[in-house]
Amino acid sequence: MAERSARTAGIDASHPAQNSLNRRGLLITGAGLLTTGLLSTQAQAAGTTRHATGQTLHAPAIVGKARPALPLVMLDPGHGGKDPGAIGYTGTYEKHVAEAAATELRQQLLATGRYRVAMTRTTDHFVPLDGRVELAQEHGASLFISMHADALHNAGVRGASVYTHSHGASDSQTADLAKTENSADRYGGPLVQGTSPEVQQILASLVTEEARRGSAHMASAVVASFQSRINLLSHPHRHAAFAVLKSAQIPSVLVEMGFMSNRLDEAALRQAGHRAMVAGAMCTAVNRYFASAGVGLAG
């Protein structure tokens with residue numbers, strides 16, 4: 001039994017001398033490890049240690065603050081999937097124009113090396129309005145830009161415009177536009193349509209003053225950047241209770257690149273060259289916004 005127990009423990013009981021050597025070897029090894037550990041500790045306390053080859057290894061240098069992460073711009077192509085948005089005279093869907101323009105803007109922003117960029121959708125699928133805001137918040141976005149090309153009752157109205165959030169609308173045309181945009185969730189079924197006007201009003205009231213100021217600042221940058229390149233509506237900065245702009249923490253704007261209800265705007269937005277020009281003006285606006293916001297981006 002004793003022999004079996006010894007073998008189970010990994011020791012050969014039939015060679016006691018060998019056992020004694022083994023024990024002595026273990027003691028010597030343990031002492032060596034202890035000595036090595038003490039020496040290593042002393043060397044580390046002095047800021048250096050020696051490799052087995054005798055090469056001196058210095059303690060790691062203390063690195064200063066890491067470079068802050070680039071600001072994240074969240075682009076939101078309007079509509080998508082079963083929600084086509086406005087439909088132009090020649091059958092152009094707003095959802096396709098919005099996605100194409102947002103993709104172009106994403107490429108131009110990334111090319112500056114100044115930003116990280118995310119999109120609420122990169123394919124033709126439906127995203128509820130609340131889901132778009134939540135994506136921006138989850139990503140920790142510094143700026144939210146929703147891109148559209150809606151329709152108006154008056155087909156003669158054309159030109160780009162930019163909208164910020166407020167409890168009341170700046171004019172009846174903008175009120176109608178916000179009503180149309182805020183009804184987009186009807187495509188999502190009853191689970192998506194559950195927010196009452198009263199709850200929407202409460203949520204809208206949570207938008208902070210800081211976010212409002214940032215939104216207004218970005219809207220001014222858009223107008224200034226568009227003026228020399230893109231046809232604008234009269235009084236191009238407008239406001240209403242757009243649900244997609246209700247983030248409490250993130251400056252947010254909705255850009256109407258033109259109106260699908262106008263033949264000239266629709267024809268222009270169908271052209272990749274025009275969308276690239278819109279994206280270029282938007283990129284300039286984003287640069288102006290962050291530069292004047294004190295982010296310290298290089299010119």
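**A guided reading of the predicted model**

Across residues 295–299 the pLDDT stays under 50, and this stretch has six contacts beyond four places in sequence in the model. The structure is a predicted model, and the confidence scores therefore deserve attention at the outset, since pLDDT is the predictor's confidence in each residue. For the protein, the pLDDT averages 79, and 69% of the residues reach a score of at least 70. Residues 1–53 have a pLDDT below 50, and the model gives this stretch 20 contacts beyond near neighbours in sequence.

The overall composition comes next. The protein contains nine helices and eight strands. It has 299 residues, of which 41% are buried. Among contacts with a separation of 6 or more, 81% are between residues that stand 24 or more positions apart.

The description now turns to a sheet. Six strands make up this open sheet, in the order 4-3-5-8-6-7, and their pairing is mixed. At its edges lie strand 4, residues 116–119, and strand 7, residues 232–240, each of which pairs on one side only. From one strand to the next, the twist averages 20 degrees. In general, the strands of a sheet pair through backbone hydrogen bonds, and they may do so in parallel or antiparallel fashion. Strand 6, which spans residues 160–165, and strand 8, which spans residues 252–256, run antiparallel and are joined by three bridges. One residue pair can be named here: V162 has V255 in strand 8 as its bridge partner.

Helices pack on this sheet. Helix 3, formed by residues 94–112, touches strand 3 (72–77), strand 4 and strand 5 (143–148), and its direction makes about 160 degrees with that of strand 3. Helix 5, formed by residues 172–182, also packs on the sheet, where it touches strand 5, strand 6, strand 7 and strand 8. The direction of helix 5 makes about 60 degrees with that of strand 7.

Helix 5 can be followed in further detail. At its start, the backbone nitrogen of Q173 has a side-chain oxygen of D171 within 3.1 Å. Which residues of helix 5 are buried? They are T174, L177, A178 and E181. Because these residues cover an arc of only 100 degrees around the axis, they lie on the same side of helix 5. A general property of the α-helix is relevant here: with 3.6 residues a turn, residues three or four places apart point the same way. The partners against which the buried residues of helix 5 pack are helix 3, helix 4 (129–138), strand 5, strand 6, strand 7 and strand 8. On the other side of helix 5, S172 and K179 are exposed.

Two histidines complete this account through their backbone geometry. H79 is not a glycine, yet it has a positive phi of about 60 degrees. Its place is in the loop between strand 3 and helix 3. Is H79 buried or exposed? With a relative accessible area of 6%, H79 is buried. H235, likewise not a glycine, has a positive phi of about 50 degrees. This residue is found in strand 7, which is an edge strand of the sheet. H235 has a relative accessible area of 66% and is therefore exposed.

Technical notes:
Residues numbered from 1 in each chain as written. Predicted model: local features only at pLDDT ≥ 70, side-chain atom pairs only at ≥ 80, totals over all residues. Heavy atoms only, no water. pLDDT = per-residue confidence, 0-100. Contact = heavy atoms within 4.5 Å. Pairing = 2+ DSSP bridges. Helix = DSSP H or I, 4+ residues; strand = E, 2+ residues; numbered from the N terminus. Axes fitted to C-alpha atoms, helices over the stretch in contact; angles between N-to-C directions. Buried < 20%, exposed > 50% of the residue type's maximum accessible area, 1.4 Å probe, protein only. Arc of directions from axis to C-beta. Polar contact = N/O pair within 3.5 Å; in protein donor to acceptor, adjacent residues only side chain to side chain.
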